[in-house]
Each structure stands twice: as C-alpha cells, then as structure tokens.
Amino acid sequence: MPIYDQDRSPLSIIKNGQAHGIYPDLFREILIGAGLKPQLLPVPPMRRRIGFENQLYHLACCANPAWRARPREQEVQVFSKQFYWTKDMFIFPKGKSFEINKLSQLSDKLIATVRGFDYRGSEHFGEKVNFQNEATLMRALALGRADVGIVNEDIFNASAQKKYLEAGPIHDEASLHIRIHRARIDLVKPINKSIDNLISSGRRDQIVKKYLNQHNAISAAVPNAAP
C-alpha cells in the first residue's frame, strides 16, 4: 500500500524506509481491522495519484474528496467514512500576533507557506514565501522572516519551535478518508466497519496521543536555546 514518503512528524515519520506516525499508523490499523495484511511503502505524491488511477494501487490514504478532483480520479474512486480531521492553523512570531477575522486582512502581509500546498482563500494573501516543509517554515517564522504562517495543528503542537511562536485561529479543516478503487468496491464495507471500531474503541485517540505526547516529551528535553 502506498503511503507518504515525506517526513512530516508526527503525521508521517520515515525511518529506515519504514513509515510510522499518526497517518500511517491509523491507515495500518484500519486495514488490519478490515482483514487485510498491509505493507506500507513510501511513494512520492504524484506517483501515488497516477498509480491509483492505473490500478497499481487499490487503496490510498489519507485524502479528502475535494483534493482528488481530476476527472479520471472521480471516475475510479470512492471514499471510506471519515476517520480523522486535519486542521491548518495560523501561527505568528512570538509577541507579534494580530487578529484575523477575514482573509482579506492578509492582503498586505508576508505569509509563510509550504511549497506545493494549496490554501483556501489564497487569492486574498499578500506576498507568499514558500518553505520546503513545516519544520523549516516554523524556524523561519520564529526568526521573524514572515508576518504569519500556516501549518498543520498536530505538527505545530508536537514541535519544539512552538515555544518561539504564537498560535492563531484555525485557517481550514478537512475530513480524512481512505480512497478505494472501484475495482475493489468489496472493501468499502469492511473498511468502514473497521473505522467505526477504531473510533469507538478509543484506539484512534490512543495513536494520536502517543505521537503528540512522544514529541512533547522530546521537546521538553531540548535545552532552552535560540531557534
């Protein structure tokens, strides 16, 4: 099964060619609960999308229907129930936060974003400065190299850099689902049942808390130094 090839701790962690983290672990648990024996293989994003369209892969994680809207994708895909939410939040350099009641307030701001990501309402943004990932974005923002940034909430909460930053409001949120190729429509029911069990048993929350607590413990052990 294809999974992220990028290290975006704690969402995805690639170590020795193996994928772990909140998303891979949830994906793995759901598939095991559906009676499958998954082996997760880190695959680049575009290769995952094309491979799914061409039936190289019959399952993919973790997507929202709005993110997979190419005509060919819509022809061949169905989605499981929601199993998690992803939230993007505004963050600021320490002591330099400001109110964001509407996105048009960002028209004169320098905004830190992750290269290759799409952002709701980006037509209202002022100048953007792109970074390779959330970690480099947060380090740069802590040094005052932008007015405001947008990062995933779980990544922010697990980062040692958050002590140098201020959390702002949620910018956007989306439900996460497993994509199922129509060639394996028989997997929809067992996967949905597995998702129900994962949530009702509390196992989903255990996985999420494990990674957030693990990274908070690491952050607490890091000496207090300039970012």
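In this predicted model, helix α1 (residues 22-33) packs against helix α6 (residues 188-200) at an angle of about 120°, and their axes lie 8 Å apart. Because angles of 65 to 115 degrees count as roughly perpendicular and those over 145 as roughly antiparallel, α1 and α6 are oblique to each other. The crossing in which α1 passes α6 is right-handed. On the α1 side the contact is formed by L26, E29, I30, L31 and G33, while α6 supplies I191, S194, I195 and L198. Sorted by character, the residues of this contact between α1 and α6 comprise six nonpolar, two polar and one charged.

I191, one of the α6 residues in that contact, also belongs to the largest nonpolar core, which holds 58 residues and in which F83, I91, I178 and I191 touch the most other members. Helix α1 gives the most to this core, contributing six residues.

Two residues, I91 and H171, can be set side by side through their contacts, with residues up to four places away in sequence not counted.

| Residue | Residues touched |
|---|---|
| I91 | L137, M138, L141, V148, G149, V151, F156, L165, E166, A167 and G168 |
| H171 | D88, M89, F90, L103, Y119, R120, F125 and I150 |

H171 is located in strand β11 (residues 165-181), and its relative accessibility is 3%. Since buried means under 20% relative accessible area, H171 counts as buried. The residues that H171 touches include the charged D88 and R120, whereas those touched by I91 include L137, M138 and L141.

Methods:
Residues numbered from 1 in each chain as written. Predicted model: local features only at pLDDT ≥ 70, side-chain atom pairs only at ≥ 80, totals over all residues. Heavy atoms only, no water. Axes fitted to C-alpha atoms, helices over the stretch in contact; angles between N-to-C directions. Helix = DSSP H or I, 4+ residues; strand = E, 2+ residues; numbered from the N terminus. Parallel < 35°, antiparallel > 145°, perpendicular 65-115°, else oblique. Left-handed = near helix turned anticlockwise from the far one by under 90°. Contact = heavy atoms within 4.5 Å. Core = buried A, V, L, I, M, F, W, Y, C linked by side-chain atoms within 4.5 Å. Buried < 20%, exposed > 50% of the residue type's maximum accessible area, 1.4 Å probe, protein only.
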